[in-house]
Amino acid sequence: QVQLEESGGGLVQAGGSLRLSCAASGAASSGTTFKINYMGWYRQVPGKQRELVARISPNGILKNYANPVKGRFTISRDNAKNTLYLQMNSLNPEDTAVYYCNTDPAASQYWGQGTQVTVST
């Protein structure tokens, strides 16, 4: 079974930066699953729906961002390492959430534990 594991979250002051990683592993097909799909970073705040904040095409060329993170977040991927990244700059308290990676559109079987990002004032 393919697993996606997020890492890199933490506590940071407003204006700071973090880099999230998402590694695909598990089944022999995990690499193929990762390489052929659009991948996305999602985030969720308690009491709110999970939202897609950034997505990237299989070849890494096409990227889209939600309005609140445009110009501050950068999504990238390394298909040779089956790893997805999210560089987050100029963080503000509204970015506080649990961040998840998944395919886009998301597949229920790929949700992991996420990584907590907390931005303090």
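## Two sheets and a salt-bridge network

In this predicted model, Trp41 stands opposite Cys101 in β9.

User: Happy to dig in! Which strand does β9 join through six bridges, and in what sense do the two run?

Analyst: Trp41 is a good place to begin, with Cys101 of β9 opposite it. β9 covers residues 97-103, and six bridges join this strand to its partner. The two run antiparallel, and the partner is β4.

User: Thanks! How many residues of β4 are buried?

Analyst: β4 spans residues 39-44, which gives six residues to consider. Buried here means under 20% relative accessible area. The strand is mostly covered, and the number of buried residues is five.

User: And which residue in β5 is the bridge partner of Met39?

Analyst: β4 pairs with β5, residues 51-56, in the antiparallel sense over five bridges. The two strands form a hairpin with six residues between them, and Gly47 in the turn has a positive phi of about 85°. Within this pairing, the partner of Met39 is Ile56.

User: Let's zoom out. In what order do the six strands of the open sheet come?

Analyst: The pairing of β4 with β9 and with β5 places β4 between those two strands. The six-strand sheet is open and its pairing is mixed. From one strand to the next, the twist averages 25°. The full order is β2-β10-β9-β4-β5-β6.

User: Nice. Which strands of that sheet have one side left without a neighbour, and why?

Analyst: A strand at the edge has a single partner, so one of its sides has no neighbour in the sheet. That is the situation of residues 10-13 and residues 63-65. These edge strands are β2 and β6.

User: Which residue is the bridge partner of Gly10 in β10?

Analyst: Gly10 takes us to β2, the edge strand made of residues 10-13. β2 pairs with β10, residues 115-120, in the parallel sense over four bridges. The partner of Gly10 in β10 is Val117.

User: Now for the four-strand sheet: what is its order?

Analyst: Here the pairing is antiparallel and the sheet is open. Its edge strands are β1 (2-7) and β7 (73-78), each pairing on one side only. Neighbouring strands are turned by 15° against each other on average, direction ignored. The order reads β1-β3-β8-β7.

User: Which residues of β1 make up its covered face?

Analyst: β1 is joined to β3, residues 18-26, by six antiparallel bridges, and Gln3 stands opposite Ser25 in that partner strand. Gln3 belongs to the uncovered face together with Glu5 and Ser7. The covered face holds Val2, Leu4 and Glu6.

User: At the other edge, which residue in β8 does Phe73 stand opposite?

Analyst: Phe73 falls within β7, residues 73-78. Six bridges join β7 to β8, residues 83-88, and the two run antiparallel. Opposite Phe73 stands Met88.

User: Is Lys81 buried or exposed?

Analyst: Lys81 has its place in the loop between β7 and β8. Its relative accessibility is 56%, and the cut-off for exposed is over 50%. Lys81 is therefore exposed.

User: On to charges! How far apart are the closest N and O atoms of Asp95 and Arg43?

Analyst: Asp95 sits in the loop between β8 and β9, while Arg43 is in β4, 52 residues apart. Both count as buried, Asp95 at 1% relative accessibility and Arg43 at 6%. Their salt bridge brings the closest N and O atoms to a separation of 2.9 Å.

User: Why does the pair of Arg72 and Asp95 tie together separate parts of the sequence, and how many residues apart are they?

Analyst: The side chains of Arg72 and Asp95 meet in a salt bridge at 2.7 Å, N to O. Arg72 lies in the loop between β6 and β7 and Asp95 in the loop between β8 and β9, so the pair ties these parts together. Arg72 is buried too, with a relative accessible area of 14%. In sequence, the two parts are 23 residues apart.

User: Last one: which four residues are linked in a network of salt bridges?

Analyst: Asp95 forms a salt bridge with Arg43 and meets Arg72 in another. Glu51 also belongs to the network. The four linked residues are Arg43, Glu51, Arg72 and Asp95.

Conventions
Residues are numbered from 1 along each chain as its sequence is written. This is a predicted model: local features need pLDDT of at least 70, side-chain atom pairs count only at pLDDT 80 or more; totals for chains, interfaces and linings use all residues. Side-chain values use heavy atoms; hydrogens and water are left out. Two strands pair if DSSP finds at least two bridges between them. Axes are lines fitted to C-alpha atoms, for helices over the stretch in contact, and angles run from 0 to 180 degrees between N-to-C directions. Buried means under 20% relative accessible area, exposed over 50%, partly exposed in between (1.4 Å probe, protein chains only).
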